[in-house]
Every structure is written in C-alpha cells, then in structure tokens.
Amino acid sequence: ISIVADYVEWLTGEEALAAAREDGAIGQDEDLPGDFYIRNRNSELRTLDLSDDPVIVLQACYPDDGPCLVRQAVDTATFDGLFADPENGYELVGWWWYGTGHLPYWLTLDNGTVVQISEQYLP
C-alpha cells in the first residue's frame with residue numbers, strides 16, 4: 001500500500017509572516033489570520049510506501065454526547081474507507097471526520113516508509 005504526498009513547509013511566528021508576505025499570500029501591511037503559514041514551493045507529488053501497521057490519528061467530532069476535535073486513532077481499512085467517502089464518515093465510524101481529507105498531515109518516515117500519519121488541526 002502506498003500514499004501520495006505533497007511536501008510543504010509549516011511556518012510559525014515571524015518566519016510565517018515574512019514568508020506569506022514574500023509569497024504574496026498577504027499584503028506587506030497585513031497580518032496572518034493565524035500564527036502559521038503553509039508554504040508550498042514545490043508541488044511535486046511523492047509516492048510513499050505505507051508500513052503494514054501504521055499509526056493513523058485523525059481529528060474527530062462526536063456530535064451527540066462527546067467532545068469535538070479530539071484525536072482519534074484509526075486502522076488502515078478505516079482510513080481507506082473515510083477517504084473513499086469522506087462526507088459520510090459518521091455512518092462508517094460513528095463520529096464526524098473534521099478534516100474530511102482536506103487538512104494537512106504530519107508523516108513520520110522510517111527508511112522512506114510512512115509509519116505514522118497525524119492530521120493537523122487548522123482553526
């Protein structure tokens with residue numbers, strides 16, 4: 001099994017502000033809406049092997065009686081199912097997938113193989 005990734009830079013603070021202004025994402029007199037900027041200078045897609053049993057953590061929201069925006073571990077089959085039909089995650093897992101595949105992820109690699117996927121919350 002493999003995944004396709006587009007590497008980006010996650011910048012914060014003054015470095016994020018300077019990069020966003022340099023890239024034209026905001027004007028010279030503007031501030032970032034948050035204290036981060038995601039910079040993508042190279043849109044090359046990379047195909048990476050996924051380990052046999054990776055740790056996968058997503059942002060979940062339990063709408064009825066639980067918290068919203070909690071980290072929820074899932075197995076590979078559930079991750080595949082959520083990506084196949086992200087808007088109907090509740091029917092698959094019993095919670096809403098906050099990111100629905102649109103948030104960035106942190107990938108942990110071991111010798112070029114993805115061993116962990118962790119979804120990044122964005123406000």
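**Strand pairing, salt bridges and surface patches in a predicted model**

Strand 4 and strand 5 form a hairpin, with 6 residues between them. The model is predicted. In this hairpin the two strands run antiparallel and are joined by 6 bridges. One pairing places Ile-56 against Val-74, its bridge partner in strand 5. Strand 4 covers residues 45-61, and strand 5 covers residues 68-74.

The hairpin belongs to a protein with 3 helices and 8 strands. Read from the N terminus, the elements follow the order β-β-α-β-β-β-α-α-β-β-β. The C-alpha atoms fill a box of roughly 45 × 40 × 20 Å, taken along the principal axes. The protein has 123 residues, and 31% of them count as buried.

Strand 4 also pairs with strand 1. These two strands run antiparallel, and 5 bridges join them. Asp-6 stands opposite Leu-45 of strand 4. Strand 1 spans residues 2-6, and its side chains alternate. Ile-3 and Ala-5 point to one face and are buried. Ser-2, Val-4 and Asp-6 point to the other face and are not buried. This fits a general pattern. In a regular strand, side chains alternate between the two faces of the sheet.

Charged side chains were examined next. Side chains of opposite charge can pair when their charged atoms come close. The count comes to 5 salt bridges. One of them joins Arg-21 to Asp-31, with the closest N and O atoms 3.6 Å apart. Arg-21 lies in helix 1 (residues 13-23), whereas Asp-31 lies in the loop between helix 1 and strand 3 (36-39), so the pair ties together parts that are 10 residues apart in sequence. The partners can be described by their accessibility as well. Arg-21 is partly exposed, because its relative accessible area is 21% and buried means under 20%. Asp-31 has a relative accessible area of 59% and is exposed.

A second salt bridge links Arg-41 with Glu-22, and here the closest N and O atoms are 3.1 Å apart. Arg-41 sits in the loop between strand 3 and strand 4, and Glu-22 sits in helix 1, so this pair ties together parts that are 19 residues apart in sequence. Both Arg-41 and Glu-22 are exposed. The two residues also take part in a network of salt bridges, which links Glu-22, Asp-23, Arg-39 and Arg-41.

Glu-44 forms a salt bridge with Arg-46. The closest N and O atoms of that pair are 3.8 Å apart. Glu-44 is partly exposed, with a relative accessible area of 43%.

The surface also carries patches. A negative patch is formed by Asp-52, Asp-53, Asp-75 and Asp-80. Of these residues, Asp-53 is found in strand 4. Asp-53 has a relative accessible area of 68%, so it counts as exposed, a class that begins over 50%.

A nonpolar patch is made of Leu-69, Tyr-98 and Tyr-121. Together these residues have about 240 Å² of accessible area. Tyr-98 lies in the loop between strand 6 (96-97) and strand 7 (105-110). At 35% relative accessibility, Tyr-98 counts as partly exposed. Leu-69 belongs to strand 5, and is partly exposed at 31% relative accessibility.

Leu-69 also has a notable backbone angle. Most residues other than glycine have a negative phi. Leu-69 is not a glycine, yet its phi is positive, at about 65°. Asn-111 likewise has a positive phi, near 55°, in a residue other than glycine. Leu-69 lies in a strand, whereas Asn-111 lies in the loop between strand 7 and strand 8 (113-119). Asn-111 counts as exposed, at 78% relative accessibility.

Notes. Residues numbered from 1 in each chain as written. Predicted model: local features only at pLDDT ≥ 70, side-chain atom pairs only at ≥ 80, totals over all residues. Heavy atoms only, no water. Patch = residues over 30% accessible without salt bridge, like charges linked within 9 Å, V, L, I, M, F, W, Y side chains within 5 Å. Areas by Shrake-Rupley, 256 points an atom, 1.4 Å probe, with all protein chains shown as cover. Salt bridge = Lys/Arg side-chain N within 4 Å of Asp/Glu carboxyl O. Lys, Arg positive; Asp, Glu negative; His and termini not counted. Charge placed at Lys NZ, Arg CZ, Asp CG, Glu CD. Helix = DSSP H or I, 4+ residues; strand = E, 2+ residues; numbered from the N terminus. Buried < 20%, exposed > 50% of the residue type's maximum accessible area, 1.4 Å probe, protein only. Pairing = 2+ DSSP bridges.
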